[in-house]
Each structure stands twice: as C-alpha cells, then as structure tokens.
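Trainee: I have a new model open and would like to go through the terms used for it. Could we talk over how each one is earned?

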Amino acid sequence: MSATPHVLDNPARASLTGPHAHFAERRGRVLRYQADVSPWLALPDDPDAGDWADVAVLAGPGEEIALPGFRGEIPEGWEVTFRAEGVQFVDDGLAAAPDPEAVRLGPADVPEMLALVERTRPGPFLPRTVELGTYLGIRRGGALVAMAGERLHPPGWTEISAVCTDAAVRGQGLATRLTLAVAHGIRARGETPFLHTGADNTTAVRLYESLGFRLRRRTRFLAARVPERPNRPADGRVVVVG
C-alpha cells in the first residue's frame with residue numbers, strides 16, 4: 001500500500017490547499033470553504049483533539065459541519081446529523097463534447113439556480129457556489145430547467161456537481177448532455193473529471209457508468225454538529241465538552 005494518499009482521497013483538503021486556496025478559511029490544520037460558498041470542511045488525514053478544537057472555533061458552537069469522505073471517529077459530545085454511503089467516479093473514457101444549447105451561468109443566474117436546486121435536491125448549493133467553476137444550464141421558454149457545474153478542484157482534477165433537471169423535462173437526456181459538456185471544459189484545461197453520488201442512487205450510478213465513468217472508491221457523506229458548550233483552557237485552545 002502506498003504511503004502517499006491520492007489527492008482524491010481527501011478532495012476538499014486538496015482543493016483548499018491548491019486551486020481553491022482563495023476560498024479557504026484556516027485554523028491550525030483545519031480548513032473550510034467560506035460559509036456562503038460551500039459547507040465542506042477539510043480535516044487532516046489524522047485529526048487529533050486539537051484539530052477538533054479548531055473545527056469548533058471555525059464553525060462555532062451549535063453549528064453543523066460537513067465532512068466529505070471522513071471515516072474516522074467523531075468526538076464524544078458531537079451529534080452526527082447526517083451519514084450516507086457514497087461512491088466516487090473518475091473519467092474512464094467519457095464522450096465529452098460541448099452542447100449547443102448549454103449556456104454559461106453566472107452570479108445573475110443564482111436566484112434561478114437556487115430555485116432549481118430547491119426543487120431537485122442535487123446536493124449543497126449556496127449563493128456563491130457558482131464561483132467555484134464553470135456552471136452550464138439549459139433554458140426552455142426562458143426558464144432554467146437543467147444545470148451542471150464544477151465544485152471541488154484538487155490539483156489536476158475537477159469535480160462535476162449540481163447535476164439536476166426539473167421534473168417537467170426529465171427523460172430528455174439533458175443531465176447527460178450537460179455532464180458531458182462540463183467534462184469537455186474540464187478536459188480542455190488538461191484536467192480530469194470526477195464526481196460523487198450516493199451509493200444507493202442506482203439510477204445515477206448506472207448513468208455515470210454508461211457515460212464512461214469508472215468507480216474509483218467508496219466514500220461517505222457525513223455531517224456533525226459542534227456541541228454548544230466550549231471550554232477554553234489556559235493555553236487558549238478550545239476543548240469541546242458535551
């Protein structure tokens with residue numbers, strides 16, 4: 001077994017210490033995205049009590065944190081608020097191509113993007129998530145009905161995310177077209193597309209495999225709540241108590 005982890009093993013951390021460093025907030029070894037950009041927080045591969053204390057400071061008492069891919073132990077007194085098994089796929093022969101109907105989405109489109117996300121629930125999408133990379137959409141009758149874009153950005157890789165289609169136009173292949181269009185842009189920069197989905201989302205898993213994605217690893221989506229009562233010892237570090 002290699003002693004050097006792959007950048008996709010802890011992709012949020014690889015992003016925040018690499019191409020997305022300008023979005024990072026840091027305390028000690030802990031990093032997180034700015035709160036209106038993404039909920040993801042990145043721990044080191046071997047978090048200790050001091051790192052969890054730094055998490056508490058960054059997030060604040062009673063706040064929920066999202067820990068993509070974390071499989072370690074949550075400290076005593078912290079509440080696990082969400083846990084789900086996931087899968088990570090990487091490009092293994094995608095027929096990536098631009099789409100003539102796809103339009104680039106930007107800050108002016110965020111209200112419509114947020115409304116589409118609310119209707120379709122593809123995963124976290126916040127007011128500044130659009131700044132993480134390229135987002136493409138398809139409109140029908142002027143209304144945004146489908147989109148896909150870029151989220152995590154470890155060096156050499158870009159995650160395809162927020163793939164969603166309004167219920168009124170499902171079954172027309174819009175998600176496939178947008179996924180391949182976003183992948184085309186990623187490849188054009190000399191990078192490799194990857195993505196995550198729920199392990200039990202068999203429809204998405206079959207779709208991504210049919211497009212040319214390959215399962216790289218199983219992962220986990222986890223969220224936890226910081227306890228309400230931090231205790232501040234003399235050295236100034238924060239020790240969270242249940």
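Mentor: Gladly; the model is predicted, and we can take its strands, a helix and a cavity in turn.

Trainee: What makes E1 and E2 a pair?

Mentor: Two strands pair if there are at least two bridges between them. E1 and strand E2 (residues 30-33) have four bridges in the antiparallel sense, so they meet that cut-off. One of the bridges joins Glu-25 to Arg-32 in E2.

Trainee: Why are E1 and E3 called edge strands?

Mentor: The open sheet runs in the order E1-E2-E3, with antiparallel pairing. Strand E1 (24-27) and strand E3 (41-42) each pair on one side only. Helix H2 (residues 49-59) lies across E1, E2 and E3, at about 30° to E2.

Trainee: How do you know that E5 pairs with both E11 and E10?

Mentor: Hold each count against that cut-off of at least two bridges. E5 (residues 79-91) has twelve bridges with E11 (residues 213-225) and five with E10 (residues 192-198), so both pairings qualify. Both are antiparallel. Gly-86 stands opposite Thr-219 in E11, while Val-87 has Thr-197 in E10 as its bridge partner.

Trainee: What makes the space of about 80 Å³ a cavity?

Mentor: A 1.4 Å probe fits there but cannot get out, so the space counts as a cavity. The search of the whole structure finds one cavity of 30 Å³ or more.

Trainee: Which residues line the largest cavity?

Mentor: There are 15, with Pro-11, Pro-68, Gly-69, His-196 and Phe-221 nearest its centre. E11 gives the largest share of the lining, four residues. By class, the lining has six nonpolar, four polar and five charged residues.

Note on methods. Residues are numbered from 1 along each chain as its sequence is written. This is a predicted model: local features need pLDDT of at least 70, side-chain atom pairs count only at pLDDT 80 or more; totals for chains, interfaces and linings use all residues. Side-chain values use heavy atoms; hydrogens and water are left out. Helices (H or I, at least four residues) and strands (E, at least two) are DSSP runs, numbered from the N terminus. Contact means heavy atoms within 4.5 Å. Axes are lines fitted to C-alpha atoms, for helices over the stretch in contact, and angles run from 0 to 180 degrees between N-to-C directions. On a 1 Å grid over the protein atoms alone, a cavity is a set of points where a 1.4 Å probe fits but cannot get out, and a pocket is an open set with protein on both sides within 12 Å along at least five of seven lines; lining residues have an atom within 4 Å of a point. Grid points are joined across faces, edges and corners, and a volume is the space filled by probe spheres set on the points. Ala, Val, Leu, Ile, Met, Phe, Trp, Tyr, Cys and Pro count as nonpolar, Asp, Glu, Lys and Arg as charged, and the others, Gly among them, as polar.
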